[in-house]
Structure formats: C-alpha cells, structure tokens
Amino acid sequence: MSRRLSDHYVYKLIPPRPTFHKDMTDEERAIMARHAEYWSTLVEEVDVVVYGPVVHSIGSWGLAVIHADSEDAVRALAEADPAVSSGMATFDIGTMPVTILPD
C-alpha cells in the first residue's frame, strides 16, 4: 500500500554552468561545502524526502524533494541556501500536486 500526499515541492539548484560538477573553482567548492552542510542540517529539521546532485548528459544540477506547507516556505529555504545567497547559483521550484510514497 502507498500513501498519496500533496504539498511536495521539487527544488532544482541551477549551477552557473553545465560542467560545474567537473570544473568548480576553489571558491565554488567552498560555497558548495556550505551548501551541503546547510542541506544536511535541513534534513534533520524539515521534511526533506531526498536531496543530492544530479549528473546528466546535458549537465549537472542539485535536486531536493521537500514536503512543506507552501511554496513560499520552500522558497525561503532556497533563498537561504549558501549556493543561492552567494549569487553563485539560481533555483527553480516545481509543485508536485500528488506524491505517492511507500508506507
């Protein structure tokens, strides 16, 4: 049996270039370390279903699926992400109107 839930959001962290995962500068690597620490803390505090990097033939990006009360709540998390607040990366948020999860 699976649970049908609503109010899940997809957070896509958009790096400055498609090859980012291969050619980060030292400064970018330091920002990404703060980004990873930030999300590791959020996993303990917020209902994060999954998060991590995605490497694809067209480039890399970050992904998180979050159960939250509103898109504004997710937007606040995204704007506080060091990768975003530093100006290095941008983000996009998508809504998942129905999410099916295992029990």
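Helices (H or I, at least four residues) and strands (E, at least two) are DSSP runs, numbered from the N terminus. With that settled, I opened my notebook on this model.

**Ground rules.** I am working with a predicted model, where local features need pLDDT of at least 70 and side-chain atom pairs count only at pLDDT 80 or more, while totals for chains, interfaces and linings use all residues. Residues are numbered from 1 along each chain as its sequence is written, and side-chain values use heavy atoms, with hydrogens and water left out.

**Entry 1, helix H2.** I checked the length of H2 (residues 26-45) to begin with. At 1.5 Å a residue, its 20 residues should span 28 Å, and the end C-alpha atoms are 29 Å apart, which agrees. The expected span here is 1.5 Å times one less than the number of residues.

Next I asked myself which residues of H2 are buried. I found Glu28, Ile31, Met32, His35, Tyr38, Trp39 and Leu42; buried means under 20% relative accessible area, exposed over 50%, and partly exposed in between (1.4 Å probe, protein chains only). They cover an arc of only 120° around the axis, which puts them on the same side of H2. The arc is taken from the directions from the helix axis to the C-beta atoms. On the other side of H2, I noted Asp26, Glu37 and Glu44 as exposed.

I then looked up what the buried side packs against: strands E2 (8-14), E3 (47-56) and E4 (59-67), plus helices H1 (20-23), H3 (71-80) and H4 (82-85). Contact means heavy atoms within 4.5 Å.

**Entry 2, Glu28 and Phe20.** Glu28 lies in helix H2 and counts as buried at 12% relative accessibility. Setting aside residues up to four places away in sequence, I see Glu28 touching Pro16, Arg17, Phe20, Asp23 and Met88. I followed the contact to Phe20, which lies in helix H1 and is buried, with a relative accessible area of 5%. Beyond its neighbours within four places, Phe20 is in contact with Pro15, Glu28, Met32, Ser60 and Met88.

**Entry 3, the largest pocket.** How much space lies in the largest pocket? I read about 340 Å³. A pocket is an open set of points on a 1 Å grid over the protein atoms alone, where a 1.4 Å probe fits, with protein on both sides within 12 Å along at least five of seven lines; lining residues have an atom within 4 Å of a point. Of the 21 lining residues, Met32, His35, Pro53, Trp61 and Gly62 are the closest to the centre. E2, H1, H2, E3 and E4 each give two or more residues to the lining.

**Entry 4, strand E4.** I picked Gly62 from the pocket list; Gly62 lies in E4 and, at 13% relative accessibility, counts as buried. The C-alpha atoms of Gly62 and Tyr11 are separated by 7.9 Å, although the two are 51 residues apart along the chain.

Ile66 is also in strand E4, and at 0% relative accessibility Ile66 counts as buried. Not counting residues up to four places away, I listed its contacts, among them Tyr11, Trp39, Val74 and Leu77.

**Entry 5, helix H3.** Those last two names led me to H3, whose buried residues are Val74, Leu77 and Ala78. They cover an arc of only 100° around the axis, which puts them on the same side of H3. I noted that their cover includes E2, H2, E4, H4 and strand E5 (90-96).

Notes:
Grid points are joined across faces, edges and corners, and a volume is the space filled by probe spheres set on the points.
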